[in-house]
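Let's take a walk through the inside of a protein, from its empty spaces to its packed parts and a few backbone oddities. Keep the structure open as you read.

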Amino acid sequence: LPPASRRSVSTTRPLYHALGKDLPPDAYTGIEIRASLSKEPEGANVDRALEALANADAVCFDVDSTVIMEEGIDVLADYLGKGEEVAAWTKKAMEGDTKFEDALAARLGIIRPSKSDIADCLREHPLRLSPGVDVLIEKLNEKGVDVYLVSGGFRLMIEPLARDLCVSKTNIVANTILFDDDGNYEGFCANEPTSRDMGKPAAIGRLKEEHGYDIVVMVGDGATDLQAVPPADAFVGFGGVAIRDAVREKACWFVTDFEDVIEVVEKFGRAKVPPGP
């Protein structure tokens, strides 16, 4: 299939779109997109994910173990000498074995990070991007697709990543740690949607309502990301850092790197903004 132009449209055969939405007549079907991939895709509804990604108004990324190659809270806990205890809670939260809000409160109660603790940790242990995620976000930006970082992690740790990835600070949905006047830990804001279980579907539902998005894709590695569909229209499960059985089994499309995801956006993504001169 030629990447440079839309394919000609047959007026005699109906097109089956797994997404179940009225797409433009020249939109590629999931079957057509899948045929171009370098390897056979894995997932519960791959065609739906491919069509959603190619026609997305917005793509929402989890941060920990997706955009970055570690869990930010575990990096912070290791730095403060609380790594083993906190990692056990993180694993339970990511695999869906405990409510997210309980795991978040327990982990923060263990480490109680100050503002200077976080700054020192990020300076000494910069968070590492997953290979290819910067290219993927760049391609989405070029197409005019809105990119969000929707995370159960901490805004203070995510903002430097967002800056490097050219994602607006206003497009971060994450948890806010509260500090007293001296910068000591005082708690966290329980009003953030991602501070509790089912927070990611709530966040995406709000984004759809506020911006009028028709098609939104969620990309992530954990059980809380899997919860995002619906209202997200498709879920791309990412196992490049950690493979979680429930995510692998239920994701519309499960990938262990971003190579084919980049290809779909680059070759088949519908531009939301007119191309430059």
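By class, how many nonpolar, polar and charged residues does the lining of the second largest cavity have? Before counting, bear in mind that this is a predicted model. The lining comes to eight nonpolar, two polar and one charged residues. You can pick them out yourself: Val63, Asp64, Ile68, Gly72, Ile73, Leu127, Gly153, Phe154, Met157, Ile158 and Leu161. Two or more of these lining residues come from each of helix H3 (63-67), helix H4 (72-79), strand E2 and helix H9 (155-164). The top contributor is H9, with three residues. The space they surround has a volume of about 60 Å³.

That cavity has company, since the count comes to four cavities of 30 Å³ or more. The largest cavity has a volume of about 130 Å³, and 15 residues line it. If you want to find its centre, head for Asp64, Glu71, Phe100, Gly152 and Gly153, the closest of the lining residues to that point. Asp64 and Gly153 may ring a bell, as they also line the second largest cavity. Helix H6 (100-111), strand E2 (146-154) and helix H11 (223-226) each put at least two residues into the wall of the largest cavity, and E2 gives the most, with four. Here the mix of classes is five nonpolar, four polar and six charged residues.

Now for the open spaces. The largest pocket has a volume of about 150 Å³. Its lining draws on Lys39, Glu40, Pro41 and Glu42 from one part of the sequence, and on Arg248, Trp253, Phe254, Val255, Thr256, Asp257 and Asp260 from another. Strand E8 (residues 253-255) gives the most to this lining, with three residues. Sorted by class, the pocket is lined by four nonpolar, one polar and six charged residues.

Trp253 leads us from the pocket into the packed interior. The largest nonpolar core has 66 residues, and Val59, Phe61 and Trp253 are the ones that touch the most other members. Helix H2 (residues 46-54) supplies the largest share of this core, six residues. There is also a second, separate core of 18 residues, with Ala58, Leu226, Ala251 and Phe254 among its members. Phe254, you may recall, is one of the residues lining the largest pocket.

H2 deserves a closer look. Eight of its nine residues are buried, so the helix is largely enclosed by the rest of the structure. The buried ones are Val46, Asp47, Ala49, Leu50, Glu51, Ala52, Leu53 and Ala54, and you'll spot the charged Asp47 and Glu51 in that list. What do the buried residues of H2 pack against? Their partners are helix H1 (30-35), strand E1 (58-61), strand E6 (216-220), strand E7 (234-238), E8 and helix H13 (259-268).

On to the cysteines. A disulfide is a covalent bond between the sulfur atoms of two cysteines. The structure holds zero disulfides. Why is there no bond for Cys60? The closest cysteine sulfur to that of Cys60 is in Cys252, 14 Å away, which is too far for a bond. Looking from the other end, Cys252 has its closest cysteine sulfur in Cys60, so it can't pair up either. Both count as buried: Cys60 because its relative accessibility is 1%, and Cys252 because its value is 10%.

Finally, the backbone has a few quirks. A cis peptide bond joins Val229 and Pro230, with omega about -20°, and another cis bond joins Pro230 and Pro231, with omega about 10°. Pro230 lies in the loop between H11 and E7, and Pro231 is found in that loop too.

Two residues other than glycine have a positive phi worth checking on your screen. Ser65 has a phi of about 60° and is found in helix H3. Cys166 has a phi near 60°, and its place is in the loop between H9 and strand E3 (172-175). Are these residues buried or exposed? Ser65 counts as buried because its relative accessibility is 4%, whereas Cys166, at 62%, counts as exposed.

Conventions
Residues are numbered from 1 along each chain as its sequence is written. This is a predicted model: local features need pLDDT of at least 70, side-chain atom pairs count only at pLDDT 80 or more; totals for chains, interfaces and linings use all residues. Side-chain values use heavy atoms; hydrogens and water are left out. On a 1 Å grid over the protein atoms alone, a cavity is a set of points where a 1.4 Å probe fits but cannot get out, and a pocket is an open set with protein on both sides within 12 Å along at least five of seven lines; lining residues have an atom within 4 Å of a point. Grid points are joined across faces, edges and corners, and a volume is the space filled by probe spheres set on the points. A nonpolar core is a set of buried Ala, Val, Leu, Ile, Met, Phe, Trp, Tyr and Cys residues joined through side-chain atoms within 4.5 Å. Buried means under 20% relative accessible area, exposed over 50%, partly exposed in between (1.4 Å probe, protein chains only). Contact means heavy atoms within 4.5 Å. A disulfide is a pair of cysteine sulfur atoms within 2.5 Å.
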